[in-house]
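User: I should like a close examination of a single part of this model, set in the context of the whole chain. Please give one connected account.

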Amino acid sequence: MDVFRALMHSRSEAALSKVVFSALWAVSRRFGHRLGSIVGPAGMVVTVLVWVLLQAVGWALV
């Protein structure tokens, strides 16, 4: 559902992506925004990795 909302929905209400990006921004804030320029690209990579991990866990449960 998160993939659909992130990629296909016009309002882009991806819950998982929001959590990932919020967590990365919180980590960046904790380090004084020294990681500020890498948070956006890292957020996209981490979001895709979380999707892949959740797919693997889901298929393992099946």
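How many helices and how many strands are there in the protein? With that settled, please look closely at helix α2 (residues 15–30): which of its residues are buried, and which exposed residues does the face turned away from its buried side carry?

Analyst: The model is a predicted one. The protein contains three helices and zero strands, and its elements follow the order α-α-α from the N terminus. Of its 62 residues, 15% count as buried. The exposed surface of the protein amounts to about 4,900 Å², with 72% of that area supplied by carbon and sulfur atoms. Where contacts link residues at least 6 apart in sequence, 31% of them join residues at least 24 apart.

Helix α2 covers residues 15–30, which makes 16 residues. From its first C-alpha to its last it reaches 23 Å, close to the 22 Å expected at 1.5 Å a residue. The buried residues of α2 are Ser17, Val20 and Ser28. Viewed down the axis of α2, these buried residues fall within an arc of 75 degrees, and therefore they line one face of the helix. As a general matter, an α-helix has 3.6 residues a turn, so residues three or four places apart point the same way. The face of α2 turned away from the buried side carries the exposed residues Ala15, Lys18, Val19, Arg29 and Arg30.

Alanine 23 also belongs to α2. Its relative accessibility is 40%, so alanine 23 counts as partly exposed, a class that lies between the limits of 20% and 50%. The C-alpha of alanine 23 lies 9.1 Å from that of glycine 43, although the two residues are 20 apart in sequence. Just after α2, glycine 32 adopts a positive phi of about 75 degrees.

The surroundings of α2 can be followed through residues of another helix. Threonine 47 is located in helix α3. With a relative accessibility of 5%, threonine 47 counts as buried, because the cut-off for that class is under 20%. When neighbours within four places in sequence are set aside, threonine 47 is in contact with Ser17, Val20 and Phe21. Two of these partners, Ser17 and Val20, are among the buried residues of α2.

Valine 20 also appears in a pairing with alanine 42: the two are 22 residues apart in sequence, and their C-alpha atoms are 9.9 Å apart in space. Alanine 42 is placed in helix α3 and is partly exposed, with a relative accessible area of 26%.

Helix α3 (residues 36–61) also includes leucine 53. Leucine 53 counts as exposed, because its relative accessibility of 54% is over the 50% limit. Together with Val57 and Leu61, Leu53 forms a nonpolar patch on the surface, and the three have about 330 Å² of accessible area together.

To return to the part requested, α2 has its buried residues Ser17, Val20 and Ser28 along one face, and threonine 47 is in contact with Ser17 and Val20, as well as with Phe21.

Note on methods: Residues numbered from 1 in each chain as written. Predicted model: local features only at pLDDT ≥ 70, side-chain atom pairs only at ≥ 80, totals over all residues. Heavy atoms only, no water. Helix = DSSP H or I, 4+ residues; strand = E, 2+ residues; numbered from the N terminus. Buried < 20%, exposed > 50% of the residue type's maximum accessible area, 1.4 Å probe, protein only. Contact = heavy atoms within 4.5 Å. Areas by Shrake-Rupley, 256 points an atom, 1.4 Å probe, with all protein chains shown as cover. Patch = residues over 30% accessible without salt bridge, like charges linked within 9 Å, V, L, I, M, F, W, Y side chains within 5 Å. Salt bridge = Lys/Arg side-chain N within 4 Å of Asp/Glu carboxyl O. Expected span 1.5 Å × (residues − 1). Arc of directions from axis to C-beta.
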